[in-house]
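User: Could you take me on a close look at one part of this model, the strands at the start of the chain, and then show me what sits around them? Keep it informal, but stick to what the coordinates give.

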Amino acid sequence: MNCISAEGLGKSYNETWLFTNLNFGVNQGDKIALIGKNGAGKSTLLRLLAKAEPADRGDVVHNNNVKVVYLPQEPEINPDLTVWQIIFDESNPLAKLVSEFEMAQLDPNFSHDKMAEIMGEMDNQNAWDYEGQVRETLSKLGITNLEQKAGSLSGGQKRRLAIAAMLLMQPDVFILDEPTNHLDIEAIEWLENLLNGKNVTLLLVSHDRYFIDRICNRIVELEPSGLVVYRGNYAYYLEKKAERIQSAAVEQGKAKLLMLKELEWMRRQPQARGTKSKSRIEAFYDIKDKASVKVDNQKLELSIRGARQGSKILELHHINHSFNDQTLIKDFSHIFKNKEKIGVVGKNGAGKSTLINIACELLKATKGSVVVGQTTVFGYFSQNSAPLNPENRLIEEVREIADHVQMGNGKTITAVQFLERFLFRREQHYTPIGKLSGGEKRRLQLLKILMTAPNFLILDEPTNDFDIDTLNVLEDFLEAFEGNLMVVSHDRYFLDKVCDHIFAFEEHGVIKDYPGNYTDYRLWKTLPKETTKIATPKQQDPTPTIKLPENEKRKLTFNERQEFDRLPSDIEKVGLEIKQKEAQLNGGNLAYTELTSLAYEIEKLNSMIEEKELRWLELSELK
């Protein structure tokens, strides 16, 4: 059954079209993720499809038999209402029915016939355990005080309340804009399981790649040319997108070859051209357009030279911290070693941001001491980073810090070039900051922090508001970053890629240090307790450690040792061969058969390099 359909959809701002002529449909059972770069118009498209904002062109039609609920990034909630009043709002038919039943029970003069009618409807709607569902849903989302006024809730709590109200309306179609923002990992996994049901139909925008991969069966990418549909989960999208980019490069090479031939014909004298058909002249311009299309594979490149790091980096000694008689941190110690990359996880309100604020001396602990190395330079990217001047132009904001930036390879580039590395096109550099999207502003704030050349990065929820392309390259940068990293995040994919151990907030302010990334940590949590005993830390090393279960492993044979030593150079050689063939492919001077053959060779080499990398990993386990 078709739930939502849109034809010829277009939206413009300040006489500039964000997108035009989009056709889109949501069918029952679809679980669609809408992805695209920051500023592409994803949130705008969701609002149009939810009928929360009118389109400038085209029509959106909702099936009369379906109930559509929309969750915006910033939900509007009446601050004077209590949590309970918002959940049992009259706009929720199920809540209204339960309220009517409860009121009828309190009225001794209420009609028996009317009561029978209400009870029959309660049966039809399966509403008898609705109050239990309300309490369970609110509890999972970390909301326990049902009499609390909405105006006293934090921004994250308001969003979680809006999610709870939406879920309890039991709609036929969910339209969700960044549903995992402000949720801790436990709540994300609970929501993930809930939305994974067979009878759920949803359309969402999210940067959480694990969330998308485990829920969605269609990925729709919003590009300047329109919508591109991939029928599968996020892993399938990555595979097919890579094939599409490679195919586009081949097609562009063919078009360039054809254009050269046609260009020679077009440049002949007018007399000769006049004897040719008009269709051939028109075909030339079509080919020219194809050959001129830039394959959109632009990436954010980050490589900053940080300040020199000394032997002493950061030490936390017996940190204790309480707030309003609640213990947030209990007797935590850690001596940071060079290049450690630590993920900090725990429930909302556990004290994660408190820990990193104490670490960089923005907050004084109730007890304990913090020792910062003389050469340590913090770069702190917080949820509320230093505000940007909306009147400033991009280039002005950056030049307030420096006119030139030293890169990781020792070269110095200008502020203009640095902005371009951050995907801010040159024509944007004189745009007032107030006109940037939320993701672009966050990207600019990160840029300003990196320009200070830190050697210890502290990131508090860095994945919020970034598009997936930006996150991918930020992760690559953090993996290669030569300094220390401490990051608070609910993005499991991000934590898996960049962290080598996890600080986990447990009950009563206890923080435990688990080796490995987030997936390793989750595995540790599922193992029997007798296999995960925490070693008592020695006096000279206050860092808690975990004894990993040891299995006997065979050693490498002589031949395997030689193979292991040889594999890195083999991988490098294959990589160089791939680069050479890709350069030939994009050269534009090969015949169609040669282009096809070359593309096939590149595919084989990519498979070969993957096999060699897997073999190296296999042998490294036996080293």
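Analyst: Strand β1 pairs with strand β4 (residues 57–62) in the antiparallel sense, over 5 bridges. Within that pairing, G10 of β1 sits opposite R57 in β4. Bear in mind that this is a predicted model.

β1 has another partner too: β1 (residues 2–13) and strand β2 (residues 16–27) run antiparallel and are joined by 8 bridges. If you want a landmark there, take K11, whose bridge partner in β2 is F19. β1 and β2 make a hairpin with 2 residues between the strands, and N14 takes a positive phi there, near 55 degrees.

Moving on along the chain, strand β3 belongs to an open sheet of 6 strands, with mixed pairing and the order β5-β6-β7-β3-β8-β9. At its edges are β5 (68–71) and β9 (226–230), each pairing on one side only. From one strand to the next, the twist averages 15 degrees. Helix α1 (residues 42–49) packs on this sheet, and it touches β3, β5, β6 (173–177), β7, β8 (218–223) and β9. The direction of α1 makes about 150 degrees with that of β6.

Inside the sheet, β3 (residues 31–35) pairs with β7 (residues 201–205) in the parallel sense, over 3 bridges. Here I32 has L203 in β7 as its bridge partner.

Now for a strand later in the sequence. D331 lies in strand β11, which covers residues 326–335. Is D331 buried, exposed or partly exposed? Its relative accessibility is 45%, so D331 counts as partly exposed. Setting aside neighbours within four places in sequence, D331 is in contact with H318, I319 and N320. With H318 there is also a side-chain link, a polar contact of 2.8 Å. L316 is 15 residues from D331 in sequence, and the C-alpha atoms of the two are 9.8 Å apart.

β11 turns up again once you look at the open spaces. The second largest pocket has a volume of about 1300 Å³. It is lined by 44 residues, and the closest to its centre are R160, K347, N348, G349 and A350. The elements giving two or more residues to that lining are α5 (130–140), α6 (155–168), α7 (185–195), β10 (314–323), β11 and α12 (352–359).

There is enclosed space as well. The count comes to 1 cavity of 30 Å³ or more, and the largest cavity has a volume of about 40 Å³. Its lining is made up of L183, D184, I185, G346, N348, K352, E461, S489 and H490. N348, then, appears in the lining of the largest cavity and among the residues closest to the centre of the second largest pocket.

To put these parts in the setting of the whole chain, the secondary structure comes to 20 helices and 22 strands. The chain has 623 residues, and 45% of them count as buried. Of the contacts between residues at least 6 apart in sequence, 67% join residues at least 24 apart.

Notes. Residues are numbered from 1 along each chain as its sequence is written. This is a predicted model: local features need pLDDT of at least 70, side-chain atom pairs count only at pLDDT 80 or more; totals for chains, interfaces and linings use all residues. Side-chain values use heavy atoms; hydrogens and water are left out. Two strands pair if DSSP finds at least two bridges between them. Helices (H or I, at least four residues) and strands (E, at least two) are DSSP runs, numbered from the N terminus. Axes are lines fitted to C-alpha atoms, for helices over the stretch in contact, and angles run from 0 to 180 degrees between N-to-C directions. Contact means heavy atoms within 4.5 Å. Buried means under 20% relative accessible area, exposed over 50%, partly exposed in between (1.4 Å probe, protein chains only). A polar contact is a pair of N or O atoms within 3.5 Å; within protein, one must be able to donate a hydrogen and the other to accept it, and residues adjacent in sequence count only if both atoms are side-chain atoms. On a 1 Å grid over the protein atoms alone, a cavity is a set of points where a 1.4 Å probe fits but cannot get out, and a pocket is an open set with protein on both sides within 12 Å along at least five of seven lines; lining residues have an atom within 4 Å of a point. Grid points are joined across faces, edges and corners, and a volume is the space filled by probe spheres set on the points.
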